[in-house]
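Subject: Structure for you to look at

Hi,

Here is the structure I promised to pass on. Have a look at it first, and then read on for what turned up.

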Amino acid sequence: QDKMEMSASVSSSPNHQPDDSATSIEFQDDDESPRSPMLPQRKHHRSKNHRTHTNHSSEKHAIDPTDDNHEEPEKPRVPSENARKPHHKHSLSIDMKMAEMAGEEDLESGLPKWQVIGFLIRLAVQFHTFGAPAHRVEYNMVEAAAAFGISTVSVAVTPTMMMITFGEPDSPKAFSRVVRCSQTLVQSEKLYLIDQLIDDISARRLDFEDARKRLDEIVAMPPRFPVWAKILAGAVSSGACAPLFFGGAWIEMLVSTLIGLIVIFFDWIGDSHPMFGLISDIFSGIIASVLAVILNSTVGACFGGIVLSGLVWLLPGITLTLAVRELATRNLIAGTTRMFSAFMTSLKLGFGIAIGTALPFWLTTPLKTACDPNMISPWFTIVFFMCVVCGFNVLLDAHFHQWPGMIFVSAIAYAVSDIGALYLP
């Protein structure tokens with residue numbers, strides 16, 4: 001500072017003349033580039049062997065290999081790959097997210113609140129995915145939450161989305177979770193097991209750890225029947241529907257069996273390739289109607305019986321049943337959405353049938369929509385009925401202990417339908 005003041009006083013004197021030999025203090029970076037006086041000055045850590053240059057020359061100093069005190073020039077630091085990318089922990093699970101929102105307080109039962117909430121969300125999603133209607137999901141989740149000490153739970157269910165709210169709406173600690181969960185085909189065995197699990201939780205017969213372990217076991221269970229068994233069951237049930245419901249003969253039964261085999265195969269491919277699954281109904285309708293038109297023109301087979309029997313597995317009967325139940329229990333959004341979904345499935349099937357009917361344009365034989373009655377002995381009715389019901393039980397992944405009840409209910413429904421068709425106008 002003294003040197004700078006002395007230099008400033010000399011420069012300001014009237015007799016001062018600029019001299020090249022005058023001592024000047026220069027602040028330079030290591031690369032000797034000039035610095036603007038308006039920019040903030042950086043601190044430089046210089047070694048003891050570093051000498052300040054008094055001129056602006058860019059001479060390169062030779063390095064003496066015998067100099068022990070020589071220090072290697074510092075290499076520029078290149079940030080590593082890990083430094084460039086932020087480190088994200090992949091262990092941020094749903095439990096940690098629940099902990100952030102629900103807080104770390106424990107319930108009256110001594111369980112961490114965020115663990116119980118995470119378990120309830122997963123339980124509701126799996127119960128809905130395996131085929132439970134909206135009102136059952138809402139009621140059972142409230143009962144299970146009360147068993148763990150959570151008194152206020154609100155559940156809103158649609159076929160493709162679920163919203164669960166924990167806590168009073170006016171409470172600052174209340175929060176909601178919106179989960180995207182598409183409901184696939186009904187899986188009867190897993191649906192039954194989860195329903196039993198919720199009953200055991202509500203009755204306080206299971207503690208938290210046992211309930212969570214049991215849910216993991218249910219979800220990890222493989223399908224009850226292999227793929228080849230389901231394809232065979234679909235073919236048999238389609239073939240038996242032709243004489244049972246539409247009065248078809250043996251030729252209609254044989255062709256419907258072939259179409260049912262193709263339909264179930266397409267359905268299996270659609271499960272593995274979702275994009276194909278969106279249009280598998282249309283392709284199935286095209287194939288069924290093309291085969292039916294050809295056989296109608298060549299051997300006089302019944303067009304209507306073949307098409308409807310071959311596509312019986314794709315008909316939205318379960319969807320319509322669930323829609324009516326949800327509308328009856330005042331779940332209007334879920335019921336209306338499911339009803340419209342059934343309408344769209346029927347529309348896609350009809351579109352495929354219309355295309356397939358027009359493809360064999362060279363065949364001009366009128367289509368035979370109704371089959372000739374009593375082509376097969378009525379004594380085969382029980383056999384055909386068992387083939388249809390057992391085939392559907394396999395496709396629905398029902399456990400064997402569920403079969404008697406399903407067969408009994410189906411028999412009552414068929415008897416009522418048959419008797420009503422005979423005696424009611």
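Leaving aside residues up to four places away in sequence, G305 touches F246, S256, T369 and C371. One of these partners, F246, lies 59 residues from G305 along the chain, yet their C-alpha atoms are separated by 5.5 Å. G305 itself is found in helix α12, which runs over residues 303-310. Is G305 buried or exposed? Its relative accessibility is 3%, and because buried means under 20%, G305 counts as buried. Please keep in mind that this is a predicted model.

Now for the protein as a whole. Its secondary structure comes to 16 helices and 3 strands. Of the 425 residues, 35% are buried. The exposed area is about 27,000 Å², with carbon and sulfur atoms supplying 62% of it. If you take the contacts with a separation of 6 or more, 65% of them are between residues 24 or more positions apart.

Next, a helix pair that you may like to display. Two packed helices are described by the angle between their axes and the distance between the axes. For helix α8 (residues 227-246) and helix α9 (residues 250-272), the angle is about 145° and the axes are 7 Å apart. The crossing of α8 and α9 is right-handed. On the α8 side, the contact is made by V227, K230, I231, G234, A235, S238, G239, A242 and P243. On the α9 side, the residues are E252, M253, S256, T257, G260, L261, I264, F265 and W268. By character, the residues of this contact divide into 10 nonpolar, 6 polar and 2 charged. You will recognise S256 of α9 in that list, as S256 is also among the residues that G305 touches.

Then the salt bridges, of which a search of the whole structure finds 9. Here are three of them, with the surroundings of each residue.

R224 and E189: the closest N and O atoms of this salt bridge are 2.5 Å apart. R224 lies in the loop between α7 (208-219) and α8, while E189 is in helix α6 (residues 188-202), so the pair ties together parts that are 35 residues apart in sequence. R224 counts as partly exposed, at 32% relative accessibility, whereas E189 is buried, with a relative accessible area of 9%.

R214 and D200: this salt bridge has its closest N and O atoms 2.8 Å apart. The pair links distant parts of the chain, with R214 in helix α7 and D200 in helix α6, 14 residues apart. How accessible is each partner? R214 counts as partly exposed at 25% relative accessibility, and D200 is buried, with a relative accessible area of 12%.

E209 and R212: these side chains meet in a salt bridge with an N to O distance of 3.1 Å. Both residues lie in helix α7, 3 residues apart, or about one turn of the helix. E209 is partly exposed, with a relative accessible area of 44%, and R212 counts as partly exposed too, at 24% relative accessibility. Salt bridges that share partners also join D200, R205 and R214 into one network.

Happy browsing, and do write back with any questions.

Best wishes

How values were computed
Residues are numbered from 1 along each chain as its sequence is written. This is a predicted model: local features need pLDDT of at least 70, side-chain atom pairs count only at pLDDT 80 or more; totals for chains, interfaces and linings use all residues. Side-chain values use heavy atoms; hydrogens and water are left out. Axes are lines fitted to C-alpha atoms, for helices over the stretch in contact, and angles run from 0 to 180 degrees between N-to-C directions. Helices (H or I, at least four residues) and strands (E, at least two) are DSSP runs, numbered from the N terminus. A crossing is left-handed if the near helix is turned anticlockwise from the far one by less than a right angle, and right-handed if clockwise. Contact means heavy atoms within 4.5 Å. Ala, Val, Leu, Ile, Met, Phe, Trp, Tyr, Cys and Pro count as nonpolar, Asp, Glu, Lys and Arg as charged, and the others, Gly among them, as polar. Buried means under 20% relative accessible area, exposed over 50%, partly exposed in between (1.4 Å probe, protein chains only). Accessible areas come from the Shrake-Rupley method with a 1.4 Å probe; for residues, only the protein chains shown count as cover. A salt bridge is a side-chain nitrogen of Lys or Arg within 4 Å of a carboxyl oxygen of Asp or Glu.
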